[in-house]
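Hi,

Here's the structure I said I'd pass along. Have a look at it first, and then I'll tell you what turned up.

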Amino acid sequence: VRETLPRNNGKSALFCSISKASGANTVETCERVLRAMQELEKRPDMAGFRFNSWFNQGEMIRRGLRNLEDASKDGAVWSIAVLFFFLRRVRLTLLIALAIPVSLLATLVALYFSGASFNIVSMAGITLAIGSLVDNAVDVVENIHRKTELGVPIRRATIEGAGEVGVAITLATLTSVVVFLPLIFLSGERNLRTAMAALGYPFSIALLASLAAALIFIPVALFRLERDPESRFERRLARAKSVFFFPLRILPWRKGASAPKDPASRSFLLRGLRRGNEVLLGWSLRHPFAATLLAFALVGTTAIPINNMEVSGEGGDDSSGLSIRVELPQNTTLAQASAEMRVYEEIFESKRGEFGFEDLSSDFSRTTGEISLWFKKQFTKREKEELKKAVNALLPRRATSDARIEGGRGGDG
């Protein structure tokens with residue numbers, strides 16, 4: 001006796017789910033399944049059949065990796081841009097930026113020889129570390145550069161500069177690393193331990209590699225660079241900078257001003273930032289309540305990007321589909337359930353152009369059913385909520401069924 005009846009776009013269908021074997025690669029398995037479906041459609045004995053894939057975890061993984069890759073590139077580019085904006089020296093900027101590929105290469109080598117897999121979680125750990133990879137190098141290079149501007153010989157400045165900040169940056173790096181240790185070794189939840197290990201292991205390796213690069217390789221490279229004359233590009237950049245800032249040097253308020261003794265204060269930009277920081281700090285101390293309200297308001301603005309951020313893999317929810325659950329009375333026959341589900345299918349079919357879904361599927365038994373709308377596009381969190389509200393408003397009130405969607409309720413029956 002048949003107990004369930006599936007349909008797709010109003011026609012009879014067959015639904016099935018395919019799971020990978022333990023240890024198999026998810027992305028590769030999904031690609032093989034899609035190729036097999038394409039081959040089945042080409043067979044003469046399968047003429048008239050159409051194969052659809054509505055939930056592809058491999059594509060979700062690929063999309064997540066692409067998003068992480070883009071975020072990693074953006075983070076690296078912005079880190080280098082900010083460094084150059086303040087240092088204004090090409091070779092120093094590139095030297096500090098060298099810590100990023102060196103640390104990432106060391107992390108990938110460690111992952112390879114330890115047998116760990118490279119997946120979304122491990123890439124997320126590497127992405128989190130990118131913003132911190134240049135911190136140690138910045139501290140070392142800035143301290144060495146400060147000593148050379150004070151007249152200390154380059155060899156002595158390199159040794160003393162790296163040594164003075166060595167303990168501080170080591171403690172700062174180890175502090176970031178040990179945060180993951182309780183989550184990895186002390187957590188009683190097995191899944192949490194596995195996720196934190198996959199996230200924390202590449203993050204920690206990248207930070208430790210950046211520490212080693214900042215204390216060993218970068219001081220040596222800086223010693224070699226500082227001995228050589230500046231490059232032709234840097235000389236041209238210095239001339240362009242002098243022309244650009246010439247009007248600022250001839251302003252009346254600058255006449256008669258003596259050159260500052262602090263090397264960091266010789267930059268008009270740094271002096272402006274320091275002056276602005278003093279003004280902001282003074283205002284905050286005089287108006288603590290207003291400063292607190294402003295801080296909370298700034299934190300509240302983070303809701304704007306969060307609500308519009310595309311989220312993949314959130315609790316297994318696929319952002320390209322929406323499901324409506326239909327509850328039927330206990331004494332309903334399969335024919336009656338089919339007729340009741342057909343009512344909902346026709347309602348949504350009439351709104352296909354408005355909603356823009358590609359497929360409409362339904363799968364039901366005598367007492368329960370589910371209708372799914374499948375879209376080509378991926379929805380952001382806000383778009384998904386707006387879609388739910390529109391679908392919820394469309395659900396009719398019927399005495400013979402009760403339809404609900406996640407986060408909303410349809411007609412009461």
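Is the crossing of α4 and α5 right-handed or left-handed? It's right-handed. Before going further, bear in mind that this is a predicted model.

Some detail on that pair. Helix α4 covers residues 99–114 and helix α5 covers residues 120–133; their axes come within 10 Å and cross at roughly 145 degrees. On the α4 side, the contact is made by Ala 99, Ile 100, Ser 103, Leu 104, Thr 107, Leu 108 and Leu 111. On the α5 side, Ile 126, Ile 130 and Leu 133 take part. Sorted by class, that contact has eight nonpolar residues, two polar ones and no charged ones.

The other helix pair to look at is α6 (residues 135–149) with α7 (residues 154–178). Their axes come within 8 Å and cross at roughly 150 degrees. Angles over 145 degrees count as roughly antiparallel, so α6 and α7 are roughly antiparallel to each other. This crossing is right-handed too. From α6, the contact draws on Asn 136, Asp 139, Val 140, Asn 143, Ile 144, Arg 146, Lys 147 and Thr 148. From α7 come Ile 154, Ala 157, Thr 158, Glu 160, Gly 161, Ala 162, Glu 164, Val 165, Ile 169 and Thr 173. By class, the α6 and α7 contact splits into seven nonpolar, six polar and five charged residues.

One single residue I also checked is Ile 80, which sits in helix α2 (residues 57–87). Ile 80 is partly exposed, at 30% relative accessible area. If you skip its neighbours within four places in sequence, Ile 80 is in contact with Thr 93 and Ala 97. There's also a spacing you can check in your viewer: the C-alpha atoms of Ile 80 and Ile 100 are 9.8 Å apart, with the two residues 20 apart along the chain. That Ile 100 is one of the α4 residues in the contact with α5.

Last, the cysteines. A disulfide is a covalent bond between the sulfur atoms of two cysteines. How many disulfides does a search of the whole structure find? The search comes back with zero. As for the surroundings of two cysteines, Cys 16 is exposed, with a relative accessible area of 68%, whereas Cys 30 counts as buried at 18%.

Over to you!

Technical notes. Residues are numbered from 1 along each chain as its sequence is written. This is a predicted model: local features need pLDDT of at least 70, side-chain atom pairs count only at pLDDT 80 or more; totals for chains, interfaces and linings use all residues. Side-chain values use heavy atoms; hydrogens and water are left out. Axes are lines fitted to C-alpha atoms, for helices over the stretch in contact, and angles run from 0 to 180 degrees between N-to-C directions. Helices (H or I, at least four residues) and strands (E, at least two) are DSSP runs, numbered from the N terminus. Angles under 35 degrees count as roughly parallel, over 145 as roughly antiparallel, 65 to 115 as roughly perpendicular and the rest as oblique. A crossing is left-handed if the near helix is turned anticlockwise from the far one by less than a right angle, and right-handed if clockwise. Contact means heavy atoms within 4.5 Å. Ala, Val, Leu, Ile, Met, Phe, Trp, Tyr, Cys and Pro count as nonpolar, Asp, Glu, Lys and Arg as charged, and the others, Gly among them, as polar. A disulfide is a pair of cysteine sulfur atoms within 2.5 Å. Buried means under 20% relative accessible area, exposed over 50%, partly exposed in between (1.4 Å probe, protein chains only).
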